[in-house]
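Here's a quick tour for anyone about to load these coordinates. Take a look at the structure first, then read on.

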Number of protein chains: 2
Amino acid sequence: MENKNEAITRQEDDFAQWYTDVCLKAELMDYSSVKGFIIYRPYGYAIWEEIQNALNAKFKGVGVENVYMPLVIPESLFNREKEHVEGFAPECLIATTGGANKLEDPLIIRPTSETLFCEHYAKVISSYRDLPKRYNQWCSVVRWEKTTRPFLRGSEFLWQEGHTVYETAEEARKDALRMLEIYDSLGRDFLAVPFVKGIKTDREKFAGAVETYTIESLMPDGKALQSGTTHYFGTSFAEAFDIKFQGRDGKLTRPHQTSWGVSTRLLGSIIMVHGDDNGLVLPPRVAPIQVVIIPIQMKRPEVLAKANEYLKTLQEAGIRVKLDDSDHTPGWKYHEYEMKGVPLRLEVGPRDIENGVFVLAKRNDGSKLTVNESDLVSKVKETLDVVHNEMYQKAFKYLLEHSKEARSLEELDTILNKEGGYAKVMWCGDEACEVKIKELYQATARCLPFDQIPFDDKCPICGRKAEKVVFFAKAY
Amino acid sequence: MENKNEAITRQEDDFAQWYTDVCLKAELMDYSSVKGFIIYRPYGYAIWEEIQNALNAKFKGVGVENVYMPLVIPESLFNREKEHVEGFAPECLIATTGGANKLEDPLIIRPTSETLFCEHYAKVISSYRDLPKRYNQWCSVVRWEKTTRPFLRGSEFLWQEGHTVYETAEEARKDALRMLEIYDSLGRDFLAVPFVKGIKTDREKFAGAVETYTIESLMPDGKALQSGTTHYFGTSFAEAFDIKFQGRDGKLTRPHQTSWGVSTRLLGSIIMVHGDDNGLVLPPRVAPIQVVIIPIQMKRPEVLAKANEYLKTLQEAGIRVKLDDSDHTPGWKYHEYEMKGVPLRLEVGPRDIENGVFVLAKRNDGSKLTVNESDLVSKVKETLDVVHNEMYQKAFKYLLEHSKEARSLEELDTILNKEGGYAKVMWCGDEACEVKIKELYQATARCLPFDQIPFDDKCPICGRKAEKVVFFAKAY
């Protein structure tokens, strides 16, 4: 049996090592023999399934349909949109042998599927009546990375990629913003992770996009994590792949497209934003186990009977609950489910039973409350919501406290290299200044936030007039 | 817009062409630019999602956990189990370039993931307390095929693959049989497809397996379709991958393993078993749309109001229902949803409304019934069950009528080459006789059915004593 009860590295000693420890010891993932290709273990994959369920419901609500496109893209097809291929070519995994024969047209293992969707759309769209199309697929993609970290950057990762086609630019832009709003609500309502929402600079946008919108979360080590993006493509892919439709005016017209995706990176965000020195702290709404029941003095038959009664009642109420009736000590179990970040621990022992109560312990702040038996379902549900809200508020507070205005190079240096977090910068709009900050501080423009609150009128790099607020940060 | 209302080839004119027509015109799939890699369009993928939901619930009920393993397998790892690699090597897609560099160890795009699961199991299993392990993954696999057909045989297909580890042979064998029973119940309770259940001959079993169990369905053209298999591996993979555990007796022991899978082939089975000259006929429990509401004289406001009222009521009752209020004629719509195999059509017009009734038309037999408004939900639910049962019974009758005893070469020839279906053969157990039948009639041993009902005592090939019944058939 794996030794689960070993200590993990403390965050302040080595944050990167803490992260790896949690990923492994909480049994979220394991390494495979190919660098950058990880194994999603049951506990980690179950979180991803909860995210899928939440997103599928949201997608369905706005008319998105799921599909599945091929795993491979012929090189010749991939090369059709120039900016796109330039962005991805350096990180492609390419198959050259099939059934023991050399392939005439090498096949790229999909790093993203715009080209496949576009080829299909060109076939099935011919009239404005066929629009809009809003397709999504859940799959894995491959990007050959040199430096990899579990969930954060891998040569293979799981994601969803949505690809849409609209009659007009206005509708397509609206789609890109609507999907970003859905991602933001996923963070707020399910992951308890607050995001900064905004638009990428031209330098940082997706290969082939006119505009890229982003949600950025902030990690406790002061680095930003790009957690999801949506792209407005204009008609560039439609031109490259010859997608056209007969418009309402009878004329052949190019449609406007978008794509959008989130990936298992979100697990990295959850782990870092909420975790502590005891391990994982999972937001209740995506936790595979929301409540773990630990019987105290389990050998007394009334204890196990009561624990099983609670189990059944909570299951019937639709709560994801586990009873650990293994022969480990209660102390071992406390440690184990703390490590695994189970939001609520329900303790029940002989004295509790006599008094008609049980104890609920909250993973997020360690506090305990004694609850009357008769309030079992209502109190558990209520407390799960309380935990969610507390976790979100804590993360939001951290984000606010670590988003600071930088009016000078000195302030930039302090924020980016000493304190960590976002440096808000008034930007002149010149890419040279953006590059300069990257060179000086290894920080990138994360986005121009939608909430533009100018606090100065000149660019701290060049001193010229500046009207736009940009969030800079070191990033994963 | 695609011309959906074109006629399709009749089954008796060209069954293979009928099949392809249905796949394309019912918008289940489309071809991509790479041979054998198909696009699962929304309507086809939605059926697969229903199958996933049904199976995930059944898997969960027996303690199976979902995981995700890497897409790629290093050649060196893949080569570790000898029989396994011999079975799969000829159909592997192999990546040799990653990030513009030649790979030292070429990567096989997974054709199946036994090797990956075993490598992981070797790491995480050390005690009998770690057992059993019952992992499953939903993914796509790649097998480089020369001849491909939508859903039936592809270079890429979607499937689930379960991989388990048990302390004893007995438990593992029981697992292989239990999972076969789950597949059988999927056919019976969801797909309305009856299967012949049995064990494969040594010649036909999976590469590396001690025993392979199978469910075989029968198509209207008289060919069998292998629809799912479960394998008992004994300890061969455990030996090849050095998986061992400390047993209850304190000794290091090799565990026993199984694997099992069904794929999007099941869609091929559904299409062929139930379809007719008007297109698809979907079994209600996996139909993406269970009921389509067609308003008659839609311009009369009370008609659309009533149609929307029915829509809402059925949705709230958990029925997958669609209202087609597009400006096509009712006749066009009838044709469209017949093609798409929607189990029930609900027609509502002005006169129906006056009479407080609506009409339900059953796709499977074309019959209609007039229903009182007040019985909407109960009658729709009841009729969906009726349709399911009728479809299953019809398919079961066909299977029975096309499973015949062959006591001689002449009877074998008649069944296999003229009538189609299963030839039941008393088999001596000699592989030479099995091969002989294959050479003479291009038919393979589909399985030794669990229901062994001997009807003779000698092998029709060699004349020797025969005690086992084998089902032979031509197969997809």
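## Where the chains meet

Before the strands come up, one cut-off: two strands count as paired if DSSP finds at least two bridges between them. What you're looking at is a predicted model, so read everything below in that light.

With that rule in hand, strand 5 of chain A and strand 5 (residues 93-98) of chain B pair across the two chains, antiparallel, over 5 bridges. If you want one spot to zoom in on, Gly98(A) sits opposite Leu93(B) in strand 5 of chain B.

How many residues of each chain are in contact with the other? For chain A it's 50, and they touch 50 residues of chain B. Strand 5 (residues 93-98) of chain A gives the most to chain A's side, with 6 residues. By type, that side of chain A splits into 28 nonpolar, 11 polar and 11 charged residues.

## Domains of chain A

Chain A comes in three pieces: domain 1 (15-274), domain 2 (289-383) and domain 3 (403-473). Going by C-alpha atoms, the centres of domain 1 and domain 2 of chain A are 39 Å apart.

## Helix 9, a two-faced helix

Helix 9 (residues 301-316) of chain A makes a handy sanity check: at 1.5 Å a residue its 16 residues should span 22 Å, and the end C-alpha atoms are 23 Å apart, so the two agree.

Which residues of helix 9 of chain A are buried? They are Lys306(A), Ala307(A), Tyr310(A) and Leu314(A). Looking down the axis of helix 9, these buried residues fall within an arc of 100°, so they line one face of the helix. On the other side, Pro301(A), Ala305(A), Lys312(A) and Glu316(A) are exposed.

The cover over the buried residues of helix 9 includes strand 15 (291-295), strand 16 (321-323), strand 17 (344-348), helix 11 (350-355) and helix 12 (376-401) of chain A. After helix 9 comes Gly318(A), with a positive phi near 80°.

## The 11-strand sheet

Chain A also has an open sheet of 11 strands in the order 3-7-8-14-11-10-9-22-23-21-20, with mixed pairing. Strand 3 (65-66) and strand 20 (403-405) are at the edges with a single partner strand each, so one side of each has no neighbour in the sheet.

Further in, strand 9 (residues 196-199) and strand 22 (residues 444-449) of chain A run antiparallel, joined by 2 bridges. There, Gly198(A) stands opposite Pro449(A) in strand 22 of chain A.

Methods
Residues are numbered from 1 along each chain as its sequence is written. Chains are lettered from A and ligands numbered from 1 in the order in which they are written. This is a predicted model: local features need pLDDT of at least 70, side-chain atom pairs count only at pLDDT 80 or more; totals for chains, interfaces and linings use all residues. Two residues are in contact if their C-beta atoms, placed from the backbone, lie within 7 Å. Helices (H or I, at least four residues) and strands (E, at least two) are DSSP runs, numbered from the N terminus. Ala, Val, Leu, Ile, Met, Phe, Trp, Tyr, Cys and Pro count as nonpolar, Asp, Glu, Lys and Arg as charged, and the others, Gly among them, as polar. Domain bounds come from an automatic or database domain assignment. The expected span of a helix is 1.5 Å times one less than its number of residues. A residue is buried if 20 or more other C-beta atoms lie within 10 Å of its own, exposed if 12 or fewer, and partly exposed in between; C-beta atoms are placed from the backbone. The arc is that of the directions from the helix axis to the C-beta atoms.
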